[in-house]
2 protein chains.
Amino acid sequence: MKRPTQADVARLAGVSRATVSYVLNQQENSRVPISQETRRRVLEAAQKLGYEPDARAQSLRSGLTRTLGLLIPDLQNPHFWQIIQGVTQQAREAGYELLLSSSELDREREEDSLKALARRRVDGLILLVAFTSLSEEKLEELAARRLPIVVIGCRDGVFDCIGSNYYDGARKVMAHLLSLGHRRIAFLHGVANITAGQDRLLAYERGLEEAGLPYDEGLVERCGPSIEDGYNAAMRLLNRTPRPTAIVAINDLLALGALRAASDMQLEVPKDISIVGYDDIFLANYLCQRLTTVHAQAEAIGQGAVKLLLRRLQNPELPPQSVELPTRLIIRESTGRAPRVAADPNSSAEV
Amino acid sequence: MKRPTQADVARLAGVSRATVSYVLNQQENSRVPISQETRRRVLEAAQKLGYEPDARAQSLRSGLTRTLGLLIPDLQNPHFWQIIQGVTQQAREAGYELLLSSSELDREREEDSLKALARRRVDGLILLVAFTSLSEEKLEELAARRLPIVVIGCRDGVFDCIGSNYYDGARKVMAHLLSLGHRRIAFLHGVANITAGQDRLLAYERGLEEAGLPYDEGLVERCGPSIEDGYNAAMRLLNRTPRPTAIVAINDLLALGALRAASDMQLEVPKDISIVGYDDIFLANYLCQRLTTVHAQAEAIGQGAVKLLLRRLQNPELPPQSVELPTRLIIRESTGRAPRVAADPNSSAEV
DNA sequence: TTGAAAGCGGTACCAG
DNA sequence: CTGGTACCGCTTTCAA
């Protein structure tokens, strides 16, 4: 009752194992000629036995697993899922399978996963944003292992990387809010690892600076990456006096939390408070207040990551590539003109 | 520059390959005694070379890959994400990795994935809901292959399966709506494969029947599984005359679409229309109208699936197991008393 | 306490 | 056109 092997097929077809291999592999590229009759017998035998070649054995010989590793910091963020979708699509198209691992924001798990993937000899690795932990030394180790790696969402010069132009997108957000007359703009900063959000924070600061507005540390609220974190942090922001008139969330998930927080404070969006996200998750367009956000081409990022990886598999000596996808501000219903009252910072204690 | 092998370690430590294997594997269970000195030398050598055993080779010998396959119909539904999260957690805990494959609702892709996973010799397979396509013959083939399989979300008697008690949950939904005075209750039926929703539909019918209400085919709207499908289908329902006073969506994703549709029709939830979902995705509690829904223990389902699978790996001869998790109706803000007007079916053309 | 060698299931070179 | 055979990297008897 064991699974049939090549030898079983050979026996049944009355040929050698080598012949079975030839028939099954060189379907098109018939470098080794096989008689029609033999081919037929082999295929028939394989069919009858329900033979499926063992990918482990093949891979042991060929050195290739046709499997990619995908390491994710956490599985709650819809944006990540869209990226994963892009990755799976492209991987499938190229005939690769995907080994998925979530570190759940835990440093140790991340390293364990890395090890497990390495042992399974994935042909390449896609690291999502993260760097939750990955220390310098860990990175060097990876690089030394010559395991092709693509990093999503953070350019770094040693690995291939791909991501949307966060800085640019965030600049557009600031320009949009400033043009609507907002002066007290808060920033909701919650990501798996601090460095991941730096570009957006920088754009925020620059935007304020160029508008001649002061950078107020009290308007930058740091929190974790979950929607609940976003909700709580937004609550804190909305309780400030004077209250901000706009909140820029570092991603749509947090913006969702903020939206709900505003609603719980009996604030109307966008009349009392404007809220902007980042990513343009597919839900953004189905919320009660359709979310103004920056479209980040999640699927294209996922697909691009796979493409970069495959390119490197072809040519390991390429210098590190870096791809930055353009962003687009999508103005929907969650942003509007700044409320009058807040234009004058002194008169806004009218909760 | 190639990756170091066991032989390299052996050479460097001045021992045989067998010894390396002993040292590395029998860390605890020291059936084969190794001298402290030798052990030290081997570990040191392995460390120095950055040696990682090749899981393919190990697996070829042992017959086990310590890898599970997870086949998903599509990646858009947050409920699935939560299940996947449960799966990854439990798999990690048991020391298994996960090969993820999404069929994107395509029959052919599903079969391709199945083949790819089988070739990679996953130790077991988790099939999410789906059966998008899986024909009888395909199923038999799988069963014959003696590949341990757990099906999520649909009891079927031949494989192990796990899911929440959909029927029971949906009954609670109906009871809730009926108790609120609803009489025109619509059903939003959009899933990857028709059979997946049958239990909920059945509960809907029974509920009506027991309340002495007629089953109106016009109030059952079938659609695809995406949020947009849900939105469009809900629009159609809301344009019916007389309009339904409540919509039961087959899952939260569609309920989300319905919520937005109601809003676009200037209807207030729950004053004008009540909406109920199913699953209790984590977003349900952060919508503008917090969604009334049935909590389905997504993560527990994912974890349970892995447990079932591992149990079967231990004991392949077990009869098919079936686990049904209890559900809980969670009443939030999207349901309320039926509007007066609709109590009399003849007076509700007041759009 | 350690080593030699037989596989696990394929692939591909070299003969015939 | 087809078969024999030496690996791929590891585990596990069996001997020494």
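1. How many bridges join strand S6 of chain B to strand S8 of chain B? Four bridges do, linking S6 (residues 185-190) to S8 (residues 246-249), and the two strands run parallel. One position to look at is B:Leu188, which stands opposite B:Ala249 in S8(B). Note that this is a predicted model.

2. The sheet of chain B. S6 and S8 belong to an open sheet of four strands, ordered S7-S6-S8-S9, with parallel pairing. Its edges are strand S7 (220-223) and strand S9 (274-276) of chain B, and each of these pairs on one side only. From one strand to the next, the twist averages 15°. Helix H8 (residues 166-179) of chain B packs on this sheet. H8 touches S6, S8 and S9 of chain B, and its direction makes about 170° with that of S9(B).

3. The sheet of chain A. Chain A has an open sheet of four strands in the order S7-S6-S8-S9, and the pairing is parallel. Strand S7 (220-223) and strand S9 (274-276) of chain A each have a single partner strand, so one side of each lacks a neighbour in the sheet. Direction ignored, neighbouring strands are turned by 15° against each other on average. Strand S6 (residues 185-190) of chain A is joined to S7(A) by four bridges, and the two run parallel. Within that pair, A:Gly190 has A:Cys223 as its bridge partner in S7(A). Helix H11 (residues 252-264) of chain A lies across S6, strand S8 (246-249) and S9 of chain A. H11 runs at about 165° to S9(A).

4. Symmetry. Chain B superposes on chain A after a rotation of 180° with 0.1 Å of shift along the axis. The RMSD is 0.1 Å. The two copies are thus related as by a two-fold rotation axis. Which residue of chain B comes closest to the rotation axis? B:Leu99 does, with its C-alpha at 2.2 Å. The same surface serves both copies, since 100% of the contact residues of chain B recur in chain A.

5. The interface between the chains. Chain B gives 40 residues to the contact, and chain A gives 40 residues. On the side of chain B that touches chain A, the elements giving two or more residues are H4, helix H5 (78-93), strand S2 (97-102), helix H6 (107-119), helix H10 (227-238) and helix H11 (252-264) of chain B. By class, this side has 21 nonpolar, eight polar and eleven charged residues.

6. Strand pairing across the chains. Strand S2 (residues 97-102) of chain A pairs with S2(B) in the antiparallel sense, over three bridges. A:Leu100 has B:Leu98 as its bridge partner in S2(B).

7. DNA strand C. There are 26 residues around this strand. A:Gln6, A:Ala18, A:Ala57, B:Pro33 and B:Thr38 come nearest. Both chains contribute: helix H2 (17-25) and helix H4 (55-62) of chain A, and helix H2 (17-25) and helix H4 (55-62) of chain B, each supply at least two residues of the surface. That surface divides into eleven nonpolar, ten polar and five charged residues.

8. DNA strand D. 26 residues surround this strand. The closest are A:Ala18, A:Pro33, B:Gln6, B:Ala18 and B:Ala57. H2 and H4 of chain A and H2 and H4 of chain B each supply at least two residues of the surface near DNA strand D. The class split is eleven nonpolar, ten polar and five charged.

9. H1 against H2 in chain A. The axes of helix H1 (residues 6-13) of chain A and H2(A) come within 8 Å and cross at roughly 100°. H1(A) and H2(A) are therefore roughly perpendicular to each other. H1(A) brings A:Gln6, A:Ala7, A:Val9, A:Ala10 and A:Ala13 to the contact, and H2(A) brings A:Arg17, A:Thr19, A:Val20 and A:Ser21. This contact has five nonpolar, three polar and one charged residues.

10. H2 against H3 in chain A. The axes of H2(A) and helix H3 (residues 36-49) of chain A come within 10 Å and cross at roughly 90°. That makes H2(A) roughly perpendicular to H3(A). From H2(A), A:Thr19, A:Val20, A:Val23 and A:Leu24 meet A:Thr38, A:Arg39, A:Val42, A:Leu43 and A:Ala46 of H3(A). The contact counts six nonpolar, two polar and one charged residues.

Methods
Residues are numbered from 1 along each chain as its sequence is written. Chains are lettered from A and ligands numbered from 1 in the order in which they are written. This is a predicted model: local features need pLDDT of at least 70, side-chain atom pairs count only at pLDDT 80 or more; totals for chains, interfaces and linings use all residues. Two strands pair if DSSP finds at least two bridges between them. Axes are lines fitted to C-alpha atoms, for helices over the stretch in contact, and angles run from 0 to 180 degrees between N-to-C directions. Two residues are in contact if their C-beta atoms, placed from the backbone, lie within 7 Å. Copies are superposed by least squares on the C-alpha atoms of residues with pLDDT of at least 70 in both. A residue is near a molecule or strand if its C-beta atom, placed from the backbone, lies within 6 Å of it. Ala, Val, Leu, Ile, Met, Phe, Trp, Tyr, Cys and Pro count as nonpolar, Asp, Glu, Lys and Arg as charged, and the others, Gly among them, as polar. Angles under 35 degrees count as roughly parallel, over 145 as roughly antiparallel, 65 to 115 as roughly perpendicular and the rest as oblique.
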